Structure formats: C-alpha cells, structure tokens
Amino acid sequence: GTEPSTGLSWSYSDDGILTLSGNGETRDYNNSSGASPKIGDRPWDAYKTSATKLVVEEGVTRIGHRAFQGFTKLAQVELPDSLSSIGQWAFQNCYSLADIDKIPDEIVLENGAFDKAPIYNISDYYAQLLQTELSGNYRDDVIAIARSQVGYHEGDSEKEYNGTSTSGTGNYSEYGRALSSFGNAWCSEFASWSIRMAGVPKDLVNSNKGANANKFTVDTSASYHDWSNTVWKGGSYRPQKGDLILWVWKTFEGTYAYNRDLSHTSVIESVEESDDKVTFYIVHGNVDGKVV
C-alpha cells in the first residue's frame, strides 16, 4: 500500500514482516484526542498486534511521531543509513522490541522515541560495550566488559532494560534477561554476562543464575576454593584478577561443601595486601540496584 500524502510504500507479509520503503518521511500521528491524522489512521495500524519485524529501507529519512507506537509484538527493527530522525513516541510501548539492527550515526531521537521499549541495544551501556576492545586475555577482558557497564540501573519491569531507571527496585536487568531470569536478583547474572561477553568459553566457567560456586564450575576445568584454601590461611590459592568471588552476608555454618549457596557474586579486579589486611577491589551488579 501507499501512505497517504507521503508516497511511501509499505507491505506486510504473512510471516509478520512489515516493510516501509520509498523516499522521504512518514506522517506524524497523534493520539486519540489530538489533531488528525490519528494513530488509528496509520495504514499499517491493523498489524499492531501481529507484526514482529519492521524493515525500513534505504531512502526513508524520518519515522514520524507515534508511527509504530503500541506495536506490542514488534521484536526486531532494521533501520537504514538514510534515516536522520525518529519522532516522538514513535516506538513507545513496543514492549517486545529488544533487537535493533543498527542505529544510524548522528540520528536524532525525539522525546520518548523508544519509551517503555525494553531496549538495551540503543542504550549508552550497549554503546560502551561495543567500544570495549578485547585483548584476548580473559582476565583483563572480563574486567573491561564489567567496567563498561558501571552505572547501569535495574528497572521495575521488562520495559526497563536500558539501564536508565534511577529508582527501579524490581530486579529487571539486561543481564538477567540474557539468562532468561526475569525479576530476580541479578549479581550472578551480571558476572555470567561479563564472562560470556569477554569470550570466556563455557568449558572454563559456566554461566549461573545464583551465587553457587559448584554450578559455576561443574563440568568445567575451573575449580572453586574455600577461604581456608587461600594463601592467607595456609593454602595455595591466591585470588586473581577476573576470578569470581562469592560472598556470605549471613551467618555461615558447617563446611563449604555443605552449604554452597552463598549470598552475592562479584568479579575481582585486584587484590591488595597490607599488614594483616587483605582488600579486594571488585566490580559487581545488583548493588543498590546498580553496577558498581
């Protein structure tokens, strides 16, 4: 079909793909109480609960206000280099949108363009992840990846995966989502995500949703150590950069083998020894809802 007054073409296929093509801008659409054209006037409005992918072809320069607002099943969007701006609320309430092929350089995102869309891929934290150069040294790379996410804040629902919430307490994070863990404490998910993003193979260290050293190391060549195994307690293990460290916030009774489910997971950045004190510098997630 053709969008009225713009001449842009659009099509919808049975596999849920909505395609927008031509040269120029889409119309701006208004809410039900605003001026015309209204949201219901969008020529593709009938597919707002069935379209799963949007392909915007080269030549389209702007996506107008509310053009795809409320497309609740839209999970993937491909945008062209020709696109210079995305209008207000264009993808608001696209609750399934978690994959954007690319964001063109210097694009203008107007107010609320992706409001309440679970978009990590357009966040500053995703940009920082992409800018992190891997050295091939797993220990260095795990820390570099984890450091790129410092400041990320959890959200209150699946709508807030981009890390910009400042008051969320609902344990919804991109790192949990990556492990299919929704609304759960995410310190272990963050450590697991950092390991995977650094390219550490699972035959070295597993991913895990909880602070359980046995599950991090089962069926791998990694090993876990109790505090009694460290050099400070007469053992041979010296914690290193990139190691996971699991903490006990509550009273610990019995042997480590008896109680492997601990309280919190962090990644060690460095260890400092002075006199009779050992200080661990760490990077970890879910500390007051943030990565710190």
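**Stop 1: the largest pocket**

Select β10, residues 244-247. This strand gives the largest share of the lining of the largest pocket, 4 residues. The model you are looking at is predicted. Now add α2 (138-147) and α5 (213-217) to the selection. Each of these, like β10, supplies at least two residues of the lining.

How much volume does the largest pocket have? About 920 Å³. Of its 32 lining residues, the closest to the centre are Ser223, Tyr237, Asp243, Leu244 and Ile245. Colour the lining by class. You will find 23 nonpolar, 6 polar and 3 charged residues.

**Stop 2: the second largest pocket**

Next, go to the second largest pocket, with about 350 Å³ of space. Its lining has 18 residues. Select Phe114, Asp115, Ile122, Asn162 and Thr164, the closest to its centre. By class, this lining has 7 nonpolar, 5 polar and 6 charged residues.

**Stop 3: the largest nonpolar core**

Keep Phe114 selected. Phe114 is also one of the residues with the most contacts inside the largest nonpolar core. Add the others: Ile63, Phe68, Ile86, Phe91 and Leu97. The core has 29 residues. Three elements give two or more residues to this core: β2 (17-21), β4 (53-56) and β5 (60-63).

Now centre on Phe91. Which residues is Phe91 in contact with, leaving aside its neighbours within four places in sequence? Among them are Leu54, Ile63, Phe68, Leu74 and Val77. Ile86, Leu97 and Ala113 are also in contact with Phe91. So are Phe114, Asp115 and Ala117.

Another core lies apart from this one. It has 21 residues, including Tyr125, Trp193, Ala198 and Val283.

**Stop 4: helix α4**

Trp193 leads to the next selection: helix α4, residues 187-197. Is α4 largely enclosed or largely open? In this helix 9 of the 11 residues are buried, so the rest of the structure largely encloses it. Select the buried ones: Cys187, Ser188, Glu189, Phe190, Ala191, Ser192, Trp193, Ser194 and Ile195. Then step past the end of the helix to Gly199. Gly199 follows α4 and has a positive phi, near 85°.

**Stop 5: strands β1, β2 and β4**

Select β1, residues 9-12, together with β2. The two strands pair in the antiparallel sense over 4 bridges. Look across the pair. Tyr12 stands opposite Leu18, and Trp10 stands opposite Leu20. β1 and β2 form a hairpin with 4 residues between them. Click on Gly16 in the turn: its phi is positive, about 90°.

Now add β4. Do β2 and β4 run parallel or antiparallel? They run parallel, joined by 4 bridges. Leu20 has Val56 as its bridge partner in β4. How many of the 5 residues of β2 are buried? The count is 4, and the strand is mostly covered.

**Stop 6: backbone oddities**

Here is the background for this stop. Most residues other than glycine have a negative phi, and most peptide bonds are trans.

Select Ser36 and Pro37. The peptide bond between them is cis, with omega near 0°. Pro37 sits in the loop between β3 (24-25) and β4.

Move to Lys116. This residue is not a glycine, yet its phi is positive, about 65°. Look for Lys116 in the loop between β9 (108-109) and α1 (124-131). Lys116 is partly exposed, with a relative accessible area of 40%.

Then select Asp219. Its phi is also positive, about 60°, although Asp219 is not a glycine. Asp219 lies in the loop between α5 and β10. Is Asp219 buried or exposed? Exposed: its relative accessible area is 76%, and over 50% counts as exposed.

**Stop 7: Val278**

Leave Asp219 selected and add Val278. How far apart are the two in space? The C-alpha to C-alpha distance is 31 Å. In sequence, Val278 and Asp219 are 59 residues apart.

Val278 lies in strand β12, residues 277-283. This valine is partly exposed, with a relative accessible area of 26%. Finish with its contacts. Leaving aside its neighbours within four places in sequence, Val278 is in contact with Trp232, Val271 and Glu272.

Key. Residues are numbered from 1 along each chain as its sequence is written. This is a predicted model: local features need pLDDT of at least 70, side-chain atom pairs count only at pLDDT 80 or more; totals for chains, interfaces and linings use all residues. Side-chain values use heavy atoms; hydrogens and water are left out. Buried means under 20% relative accessible area, exposed over 50%, partly exposed in between (1.4 Å probe, protein chains only). On a 1 Å grid over the protein atoms alone, a cavity is a set of points where a 1.4 Å probe fits but cannot get out, and a pocket is an open set with protein on both sides within 12 Å along at least five of seven lines; lining residues have an atom within 4 Å of a point. Grid points are joined across faces, edges and corners, and a volume is the space filled by probe spheres set on the points. Ala, Val, Leu, Ile, Met, Phe, Trp, Tyr, Cys and Pro count as nonpolar, Asp, Glu, Lys and Arg as charged, and the others, Gly among them, as polar. A nonpolar core is a set of buried Ala, Val, Leu, Ile, Met, Phe, Trp, Tyr and Cys residues joined through side-chain atoms within 4.5 Å. Contact means heavy atoms within 4.5 Å. Two strands pair if DSSP finds at least two bridges between them.
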